[in-house]
Amino acid sequence: MNKTDDVLSTLAEKGASTNGFPESMPVLPLRDIVIFPHMIFPVLIGRSSSLKAVAESLERDKYVILVAQRTASVEDPSPADVYEYGTVAKILQILRLPNNLLKVLVEGMTQVRVHSYTRTEPFLEASFDVVSTTYDPKDRNLKAVMRHASDLFDTYVKENRSLPPEVLGAFENIDDPVRKLFYAAANVQQKVDVKQPLLESEDLREQYYRLVTMLSSELELLKLEAEIDTKVQDQIQRSQRKYFIQEQIRALQKELGDDEELSSDLGPLKEALDAAKIPEPTRTKAFEEFERLKRTPTMSPEFNVNRTWLEWLSQVPWTVRSTDNMNVAHVRTILDEDHYDLERPKDRIVEYMSVLNLVGSLRGQILCFVGPPGVGKTSLARSIARATGREFVRMSLGGVRDEAEIRGHRRTYIGAMPGKIIQSMKRAGTVNPVILLDEIDKMTTDFRGDPSSALLEVLDPEQNNTFNDHYLEVDYDLSNVLFIATANVKYDIPGPLLDRMEVIELSSYLEPDKVEIAKRHILPKQLREHGLADFNVSLTDKALLKIVREYTRESGVRSMEREIAAVLRKVASNIVTTVSHDIGTADLETMKKSKTFRNLKRRKVTIDEADVPTYLRAPKFKSKPEDLVDKIGVATGLAWTSMGGDTLPVEVTIMPGAEKLTLTGKLGDVMKESAVAALSFLRANHATYGLDAEFAKGKEIHVHVPEGAIPKDGPSAGITMTLALLSAASGKPLRGDLAMTGEVTLRGNILPIGGLNEKLLAAKRMGIRTVFVPKDNARDVAELSPVVTKGLEIIFIEHVDEAVPIAFRVRSSRAKKSSGRLRKS
């Protein structure tokens, strides 16, 4: 048994001095409560320091100082965490509770001010001064404020449901004004920081003023609560009364056989259903639901669910259609206005409209534009809608992973709504819009279902005339919709979905194409957006070409548009700065009226190639001549990415160490396997290329592909790794002005690859003029635009032996004799 238990067991035998207070007492910090003098109140004690303080008080004379904490969340309060003023109290009774808790009944004795702490461990103990409340019994102001406080307290007790009427009787039986003050304050529900000032004042009249303020504030809150409660009750009664009256009217009408008059909510809904021209059997189902809705109480949750469903049925287009512009010449003109080049997709749209002219209707035409970002896939779809006179709706599928986002939720769920397809039809307002399924390759799958499977019905011409949304639960005809999908990469589209679409690939733009697009579309648009349309501002072709070559590296034109916007922002800034400096104000209207502003509008501003760094600072990309120098162990490959084509340097070094192949550069599994296959081929054919049979024994071969933070994968780097390994093993430099692509087998055969258009453009961009291409890709090269192949020496190879003499600058006659044999230089 500990000391505290000893004290508690002998509590009844202990007494306390009544002839005055000791000089110091234990201090008991309290949370969220202020104990006033002459107040008996139970306090729950659980903290270790508080238990020790109570035990010490019982050891002495049962007196303790009660002070409120400034912040209730402080677990172990220090003298700075409690208020300076408190109440001396006497412990009357203690009850031990489970979990080592004490319920202490205390009686407040008098106000005190703590002037110093004599102990802080293991509990707080302090010296204090007794605060004597002073007042003049003849003070008329005091009498008036006391009477006002009594009236307010009387009203407060009557209005507050949490206080019993006995509180008011006890209050009226108190004669001492000080006791009366603290009794009223103790029963007012206020926070600690509001009640604490009563203990800190020695003037009774001031204390009563504070009490009046507290009571007035509480009465205002009680009044607001009563008003809110009255409004709620009135609303409930009105709703109940309305419901009873409606039921009585229904009963009377049923008895008389009269048709029920529609409410103000249902009247417009019936008109909308009639105007929607919903086909059978959907119309029959809709009006059956409408009749059920009329009999459903408005207070029922089912009422709102059914009404929302009927509203969706009335708002989705069933027969409204836009008139197709069948003029093929007009369609071609619009497409040419909006986009430069892109001849293949333009031809496909013209063919579509031509067949539509002959047949009158055409189903099953679902197009998919595949290409790098920024080449105009989305804007081309918008132009198709404009050319054909149809409504255009874009539906983003990037990140969609829930089947319900396509087909909707069952209407029994709270917050249910149709899927994206029906929502798009509602936005379009016609049955034959152009719907763009944007980023169809970015959909994912999880436990909630596969959204790509839900799209199979949408994109299948044999099924989409009876598309069934989970929310509407009726067949909806999508056969008149022209669906156009976009994707960055074709292989990320699920096979069954890809099989339902006609893929049209949009390749990367050439440099001349980008310059032309900038002149025709981007520059005029940016001049308007930057308020420079009325100014004589222009960029020369050479300036645009410099921006394309040295400030962007992309397949599309988005980065180029941002750079042109940056140039025009600087021009606009220079104009505003010049005008505001000249006229001494930055007011827009004043500037526009100034002579300087008018002169600047007439002045010609031409940005040439030499001016570009002034606006855009140093170039971000610049071809380095040293990159094209012959090097040992370095070969330049060509890669295809979702952003277009790029060069892929492969570096190889051979050094003494553990016999192993180290691959770095964040390579994928397929690319790692290409490196292993290349090394195996060279080891198996070492004699052919003049290598030592044990060139890899006791050596660590390290293959690195720079820009290690970027993931890389694919088999087309096989020839690049093979020649880089051969160069490092033979010590002979490899041509720096040569790029290559192709998969290599263990027999040295070169297999075909994809993305040839982008890869060749990347080679031209880096200043490379000779490229190895698999011989089986010759038919693909023949289909490329002459602009792509112009200036390139494309060498078709089908075996590594054919590449070695050219890559290492070996004379052809010697190459024939040695079959590709190399000697260390």
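A residue counts as buried when its relative accessible area is under 20%. Keep that cut-off in mind as we walk through this structure, which is a predicted model.

**A mostly covered helix**

Let's start with helix α16, which spans residues 451-458. How many of its eight residues are buried? Six of them are, so by the under 20% cut-off this helix is mostly covered. The buried residues are Pro451, Ser452, Ala454, Leu455, Glu457 and Val458. What do they pack against? Their partners are the helices α14 (404-407), α15 (420-428) and α17 (495-498), together with the strands β10 (467-468) and β12 (482-487).

**The sheet and its helices**

Strand β12 also belongs to an open sheet of five strands, arranged in the order β8-β9-β12-β7-β13 with parallel pairing. At the edges sit β8 (392-396) and β13 (502-505), each of which pairs on one side only. From one strand to the next, the twist averages 25 degrees. As general background, strands of a sheet pair through backbone hydrogen bonds, either parallel or antiparallel.

Look next at β9 (residues 434-438), which runs parallel to β12 and is joined to β12 by four bridges. Which residue of β12 is the bridge partner of Val434? That partner is Leu482.

Two helices lie across strands of this sheet. Helix α12 (residues 343-359) lies across β7 (367-370), β12 and β13, and runs at about 145 degrees to β13. Helix α13 (residues 377-388) lies across β7, β8, β9 and β12, running at about 175 degrees to β9.

**Two helices that cross**

Two packed helices are described by the angle between their axes and the distance between the axes. Try this on helix α8 (residues 266-275) and helix α10 (residues 301-315): their axes come within 9 Å and cross at roughly 35 degrees. The crossing of α8 past α10 is left-handed. On the α8 side, the contact is made by Leu266, Leu269, Ala272 and Leu273, while α10 contributes Phe303, Arg307, Leu310, Glu311 and Ser314. Sorted by class, this contact has six nonpolar, one polar and two charged residues.

**Three residues to find**

Here are three residues to look up, with their accessibility.

| Residue | Where it lies | Relative accessibility |
|---|---|---|
| Asn777 | loop between β23 (770-774) and α27 (778-783) | 1%, buried |
| Leu30 | strand β1 (residues 24-30) | 4%, buried |
| Leu588 | helix α21 (residues 588-593) | 48%, partly exposed |

Why does Asn777 count as buried? Its relative accessibility is 1%, and buried means under 20%, so Asn777 falls in that class. The side chain of Asn777 reaches the backbone oxygen of Ile753 at 2.9 Å, and makes a polar contact with the side chain of Asp780 at 2.8 Å. Not counting residues up to four places away in sequence, Asn777 touches Pro752, Ile753, Leu756 and Phe796.

Leu30 is buried too, because its relative accessible area of 4% is under 20%. Leaving aside neighbours within four places in sequence, Leu30 is in contact with Ile35, Val43, Leu66, Val67, Ala68 and Gln69.

You can also use these residues to get a feel for distances across the model. The C-alpha atoms of Leu30 and Arg394 are 63 Å apart, with their positions 364 residues apart along the chain. For Leu588 and Gln237, 351 residues apart along the chain, the C-alpha separation is 59 Å.

Technical notes:
Residues numbered from 1 in each chain as written. Predicted model: local features only at pLDDT ≥ 70, side-chain atom pairs only at ≥ 80, totals over all residues. Heavy atoms only, no water. Axes fitted to C-alpha atoms, helices over the stretch in contact; angles between N-to-C directions. Left-handed = near helix turned anticlockwise from the far one by under 90°. Contact = heavy atoms within 4.5 Å. Nonpolar A, V, L, I, M, F, W, Y, C, P; charged D, E, K, R; others polar. Buried < 20%, exposed > 50% of the residue type's maximum accessible area, 1.4 Å probe, protein only. Pairing = 2+ DSSP bridges. Polar contact = N/O pair within 3.5 Å; in protein donor to acceptor, adjacent residues only side chain to side chain.
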